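Trainee: Please take a close look at helix packing in this model, with the cut-offs behind each term.

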Amino acid sequence: MMSASTGGGIRVKIYAFSAFSAVKSRSAGFVSIRGQMDSRLTFECNDCAHRNVVLPIDSPAERNSLAGNGLGRSSPRLNRGNFETILNQFIPAGHRSARYAAWGIVLLVLVHLCWLQWRPGSDVRRIFTAAAESAAARPATLPEESFDRIARQAGDANVVLKLAGYARTNPAVENSLGYFYYRTAYALYPRRVYVAPADQVINDGGDILRAGFNPSRQWLEEHDVRSALTFGNDHAGGETPHLEILPRDDGWAGTPTNQPGVNQ
Amino acid sequence: MTLLAGGLYLLLIFLAGYALLSAIQPSRQMTLVQLTGLGSAIGAGTMGVLLFWASLIGFMPSRRLLAIIGAFALAGLLFLRKGNQLVRLKLRPADWEKGDGWMIVPLVVTLAALAMMAVGALSTPVSDWDAFAIWGFKAKVLAHDALRPAPAYFHDLTFSYSHLDYPLMVPFLTAGAYAAMGTIDDQTGKLVSVFLAALIVPMAYLGLRWKLRRLPAACLSTIPALLPVLFRHAGAGCADLPLAMFHAGSIFYVARWIDRQQREDLVLAILFSGFAAFTKNEGLILALANGAVMLGFGLGHNRQRQWVGAVAFFAGLLAMDAAWLLWSHSLPRTHEDYGSKLLSIQVVTHLPRLKQIIPAMVVQTTDLQTWGLLWIMTGAMALLGWQAFARRYVLALWLLLGLQLASYALAYSVTPWNLTVLMPVTLDRLLSHAIPALIFLAGWHWAELGTSQYHHKPGNCMG
């Protein structure tokens with residue numbers, strides 16, 4: 001190996017010196033030369049630092065000249081690899097079978113993925129079916145759509161969440177209550193769904209249950225709350241969740257009570 | 001009409017990215033896939049950051065703001081064109097090889113898959129919990145109010161579930177789409193989500209073409225487009241696939257920097273790492289890992305240029321994300337707060353949980369319904385092309401992948417949630433961040449078997 005510096009201060013390392021490589025490196029201004037004892041030489045280009053510049057070694061004499069420098073095994077199929085590594089001493093002479101194996105693996109992966117997407121129940125099939133259906137034929141009961149519809153009914157005022165019946169005490173509803181709150185809060189924004197005072201941390205449905213939010217009428221009026229969203233079964237057996245417009249003077253809000261349908 | 005406006009918004013993103021790319025890599029030649037992919041990826045990140053900065057000084061996303069950004073992008077392009085510095089499109093590659101005509105097959109499959117993703121996303125409402133509770137909610141907030149003064153949302157603890165401190169790249173990009181469309185239409189707004197996810201494919205191709213010939217690079221690039229995990233989350237509206245896309249750019253340019261130490265690679269590594277850090281909290285960890293690996297390789301090989309580059313990387317990353325770090329510093333954290341927990345003694349006390357976490361991660365990688373044979377393929381390619389372990393950029397990428405998986409395992413170990421509930425619903429999304437690294441590793445190992453690209457003309461190396 002020999003090394004030198006270029007005018008620009010870049011270190012030049014020549015790992016395989018021969019008349020051939022020296023001429024090429026000088027004329028092309030390469031930063032470094034990385035010999036590959038196959039049928040070509042790889043250089044690092046000074047112009048754009050590309051590492052895979054190849055100059056073919058045309059004659060068997062040139063190949064043997066390079067091989068004779070102790071840079072690779074002088075077998076009929078010469079070793080190829082990176083001279084600056086120790087590993088390349090163990091690189092097998094032929095890569096053909098490994099190359100076929102690699103292609104086989106990639107094709108297998110692709111075919112498997114195509115099959116995954118083509119089989120019944122796949123994502124592609126699901127999308128295709130959904131896209132082919134008319135909007136009217138689609139189930140109108142997707143939870144997110146029904147929650148969004150409820151939110152739209154709230155008009156331009158804020159909403160308070162009311163827990164009713166089993167939803168007030170049953171931890172089993174935590175998950176669905178969380179989903180309900182997240183969805184309606186998202187759908188209503190910039191209007192608000194109040195479930196707790198602003199300094200109360202709500203990380204899940206359980207926090208809403210524990211908050212037991214029961215604002216006074218004055219609080220509701222101050223926060224421009226004009227309707228209540230009921231979650232859980234109410235005493236009248238009505239459908240939930242549902243939205244009710246708060247009557248201004250019926251006194252339900254802010255009244256601490258154990259009556260069903262009121263936040264505790 | 002809203003779809004058309006959304007399309008124009010994506011075009012604006014590309015123009016912004018094209019201008020910045022031309023400034024970073026003047027007069028470079030690229031193929032259509034590389035130019036549109038890289039230009040759009042840089043443009044998306046730039047747009048998100050610009051909208052954030054504008055919001056910080058009191059301008060929420062609006063058509064007027066987008067028009068100003070567009071005018072600056074066009075002015076930049078005209079200026080660069082005058083100096084003959086625009087990135088040029090390479091329409092007729094001189095290195096077309098025998099067999100490359102088969103590229104039409106992976107190309108058609110990829111386009112069909114991406115089209116299906118788009119159809120799936122745009123024909124269904126936002127339904128993923130995280131998509132509407134975290135990312136979609138923030139997009140709505142940012143579309144309504146600028147960050148100065150800070151909207152009440154960011155300090156209202158009843159919204160704690162939506163992780164008030166999460167980065168705002170995806171919400172700002174979505175809010176930008178709402179501004180372009182003139183309405184908050186979250187279903188059409190998912191166009192942004194699909195666009196960012198689809199960019200993983202050209203970014204993968206970009207990284208693969210560095211070392212692979214055209215056909216194998218195209219075949220490998222098709223794999224992410226067909227992955228069930230990508231189909232599942234591409235149109236959901238979450239930030240995981242955008243993070244994977246930015247991470248693809250960051251690890252590719254970090255690897256190239258380690259290999260070649262070119263200034264432009266460093267600049268792009270900083271840009272993409274900064275974008276990733278502004279996309280998700282995991283992105284900040286990945287960006288720091290990028291810098292640590294660059295520094296490690298620089299010090300390990302005693303190359304001054306390389307470790308100086310690593311220092312410049314950290315400085316650039318800090319400069320890009322300083323505004324976000326400062327602004328978000330006072331935001332309330334949830335009980336999760338992985339950042340603090342990972343820096344506390346809890347990491348040590350919770351190590352026994354790894355006995356549950358690591359097997360679950362291994363099992364997830366072999367879930368063929370989610371990943372196909374991707375993880376297995378990368379392992380097999382590494383065995384076949386094991387000589388690539390001698391390459392510093394390959395070693396660096398393995399190291400980055402290892403750090404990524406290790407940091408995720410540690411994050412799970414300190415989570416306040418029940419692991420048996422949390423992992424099944426989040427693990428596939430979390431591991432989707434590793435898709436680019438897996439694809440690059442498979443390709444770069446494959447390149448050692450004689451499928452590397454070797455035709456070259458100076459200035460033409462992006463083939």
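Mentor: What follows describes two helix pairs, one after the other. The model is predicted, so local features need pLDDT of at least 70, side-chain atom pairs count only at pLDDT 80 or more, and totals for chains, interfaces and linings use all residues. Residues are numbered from 1 along each chain as its sequence is written, and chains are lettered from A and ligands numbered from 1 in the order in which they are written.

Helix α6 (residues 169-181) of chain B and helix α7 (residues 186-198) of chain B have axes that come within 9 Å and cross at roughly 130°. Helices here are DSSP runs (H or I, at least four residues), numbered from the N terminus; axes are lines fitted to C-alpha atoms over the stretch in contact, with angles from 0 to 180 degrees between N-to-C directions. α6(B) and α7(B) are therefore oblique to each other (under 35 degrees is roughly parallel, over 145 roughly antiparallel, 65 to 115 roughly perpendicular, the rest oblique). On the α6(B) side, the contact is made by B:L173, B:T174, B:A177, B:Y178 and B:M181, and on the α7(B) side by B:T188, B:G189, B:L191 and B:V192; contact means C-beta atoms, placed from the backbone, within 7 Å.

The second pair is helix α17 (residues 354-365) of chain B and helix α20 (residues 392-413) of chain B, which pack at about 130° with axes 9 Å apart. That angle makes α17(B) oblique to α20(B). From α17(B), the contact uses B:L354, B:I357, B:I358 and B:M361; from α20(B), B:L405, B:A409, B:Y412 and B:S413.

Technical notes: Helices (H or I, at least four residues) and strands (E, at least two) are DSSP runs, numbered from the N terminus. Two residues are in contact if their C-beta atoms, placed from the backbone, lie within 7 Å.
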